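Subject: Structure handover

Hi,

Here is the structure I promised to pass on. Please open it alongside this note; what I found follows below.

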Amino acid sequence: VSPALSLATPILNPMTHEDDWLGAPLGEILIELGVASPDQITEALQRQSETGKKLGELVHDRPGVLRALACQRGLQYLDSLTQTAEELEAPEGISQELTGLIVGTSSRESVGWIAGRRGDRLVVVVSDPTDTELLERLWASTDRTLEILVAPPEVIRARALAGLPNMGGPSEDSVLDLSILGDEEAGLEEIADTEDISEQSLRDDTYPVARLVNWLLYRAVREGASDIHLEARGPSAVSVKLRIDGVLAPLASRIRPHHLRYLVSRIKVLAELDIAETRVPQDGRFRARISGREIDFRVSILPTIHGEAAVLRVLDTKSSLLSIDSLGLDDRERVLFMKNIRKPYGMILVSGPTGSGKTTTLYAAMQAVYREEEKFITIEDPVEYELPGVTQIPVNIRRGLSFAAGLRSIVRQDPDKILVGEIRDGETASIAVNAAMTGHLVLSTIHANNVIDSIGRLGYLGVDPYQFASSFNLVMAQRLIRVLCKECKQDHSPSHSELEALGLDVTAYGRKLYSRASGCEACHGTGYRGRQSIFEMAAITDRLRELIIQRASLLTLRDAAKEEGMTELREACRRLVDLGITSLVEMNRVTQE
């Protein structure tokens, strides 16, 4: 502990049995503990003078270095926190924002945890006893004497996330009024008795913030939600919503504004983000076992004028994937799709906004053509589903693994079929097109509104018209449209005023009987249950290839594609409306003239 901190902060250092090592050089302690040999320490000291790094950073055995640092300072080192935590009392009189949470600093590798109280001393566990900033943050939460213990960061995180009953913390009234859950309170108790969320522990029955976050995760998975949204709506309201079937639905609307920071802090802990940083966006992810299924949650934290907002994307990586038959393709589209995914080389591109089902469609295609005698590789951001027998690579921008860099290495792995999660830049587009031209079947997605816009966007990214014409087999656009609830849908003949309000042509849509949403208990009052894909699909025929090479306008390409059999998204959706599968309102929401 630095002299400045020692003077300002009451610190109690429980001496270890290696008292003779107190204040000894770190290198000597590392040798005595068998963490490193004398030659390794000599080499590390030489590298220290060259790099300016600390000696402990140059020794690979991190737990051994932590134990040596603890011995050097007369602190107790722990491989496990279970027994120590069981001996502690609830830490009363501590800042509520820090109680029971991992305290971070500018370094994500350095964490501390307020574990409890032993007599009149506050017991804290740190992963780096040399981090004075961390110790000062811990001490700032109380005026008690600190008892410092040392443990590896992964041990601290695992124990803090386990939701120890004796961790104490703020009362339910002061931190979170669980009456906001209304009738769901009984459901919380029922869940808490199960192991639905094992690692994040729904069994934590005393710490309300952890329990509420776990409840949100459970409800999201149970309701089939794709996202969880938490955000402040001004100084007096908090919005918690689930995105179900592509539409946001409120889940809990009476959470108090000052509770939001506790919920966001808990989510940051799960995703191993810096809870001390509230001024810049942060992204992370974590995994939980819910109802016996491994679920990944991708976390995005964004600072706003009313506090931090959090969005969690729900990814069931081991979910049963859709088959080609269940994608919603009509007979013509199915024949065209199967014909092109069975080709030995070329490129298939699916366009659409985020959450339109593009990746699911390509996964279904990979499953349909998978053969043991061929090599299948994917690169994705993130890997949304696990495909048996397929080599799957997650993008890691921080480590330099982008789509372009990964794809460049993939083509050297002798693949037969390649799935590229998204074409975002010209380099990725160029490598993918070249791979398709050199004997590989490449499947990918792009953010564009329709088939023709996809062709224009690839031209903007620098793909030469000749390369496009030579490599592309099929270009698709996709949307997900909500299906009317069969229990409560009603027949309805819209009036002229209703059609005009929807912006629909009275002549084309008037005087007909359509189905509309009503709402019942089965569909939670929405009038819709489930979604179905609609497609716009254009095979790159010889005529289209010629027009592309001639750099024809996008309007000319669209007219030619329609003449070659392409059905536009609006027309595909109108067919579902006529069949009573969806409504005019939903058609207008998803597609446009």
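R279 is exposed, with a relative accessible area of 66%. Keep in mind that this is a predicted model. The side chain of R279 meets that of E277 in a salt bridge, at 3.3 Å from N to O. E277 sits on the other side of the cut-offs: its relative accessibility is 18%, so it counts as buried, the limit being under 20%. R279 is over 50% and therefore counts as exposed.

That pair is part of a longer tally. The structure holds 20 salt bridges. Two others to look at:

- E374 with R371: the closest N and O atoms are 2.8 Å apart. E374 is buried at 17% relative accessibility. R371 is partly exposed at 41%.
- E568 with K562: the closest N and O atoms are 3.6 Å apart. E568 has 22% relative accessibility and counts as partly exposed. K562, with a relative accessible area of 38%, is partly exposed too.

There is also a network. R371, E373, E374 and K417 are joined into one by salt bridges that share partners. On the general point, side chains of opposite charge can pair when their charged atoms come close.

Now the cysteines. How many disulfides does the structure hold? Zero. C488 is in none, and the nearest cysteine sulfur, that of C520, lies 3.6 Å away. A disulfide needs the two sulfur atoms within 2.5 Å, so the C488 and C520 pair does not count. C488 is buried, at 10% relative accessibility. C573 is buried as well, with a relative accessible area of 0%.

Last, the surface. M437, Y466 and I549 make a nonpolar patch of about 300 Å². M437 belongs to helix α15, which covers residues 426-437. Is M437 buried or exposed, or in between? In between: its relative accessible area is 37%, so M437 is partly exposed. A patch residue needs over 30% relative accessible area, and M437 therefore clears that cut-off.

To go through these in the viewer, I would take the salt bridge of R279 and E277, then the network with R371, E373, E374 and K417, then C488 and C520, and finish on the patch with M437, Y466 and I549.

Best wishes

Key. Residues are numbered from 1 along each chain as its sequence is written. This is a predicted model: local features need pLDDT of at least 70, side-chain atom pairs count only at pLDDT 80 or more; totals for chains, interfaces and linings use all residues. Side-chain values use heavy atoms; hydrogens and water are left out. Patches are made of residues with over 30% relative accessible area and no salt bridge: like charges are joined within 9 Å, nonpolar side chains (Val, Leu, Ile, Met, Phe, Trp, Tyr) within 5 Å. Accessible areas come from the Shrake-Rupley method with a 1.4 Å probe; for residues, only the protein chains shown count as cover. A salt bridge is a side-chain nitrogen of Lys or Arg within 4 Å of a carboxyl oxygen of Asp or Glu. Helices (H or I, at least four residues) and strands (E, at least two) are DSSP runs, numbered from the N terminus. Buried means under 20% relative accessible area, exposed over 50%, partly exposed in between (1.4 Å probe, protein chains only).
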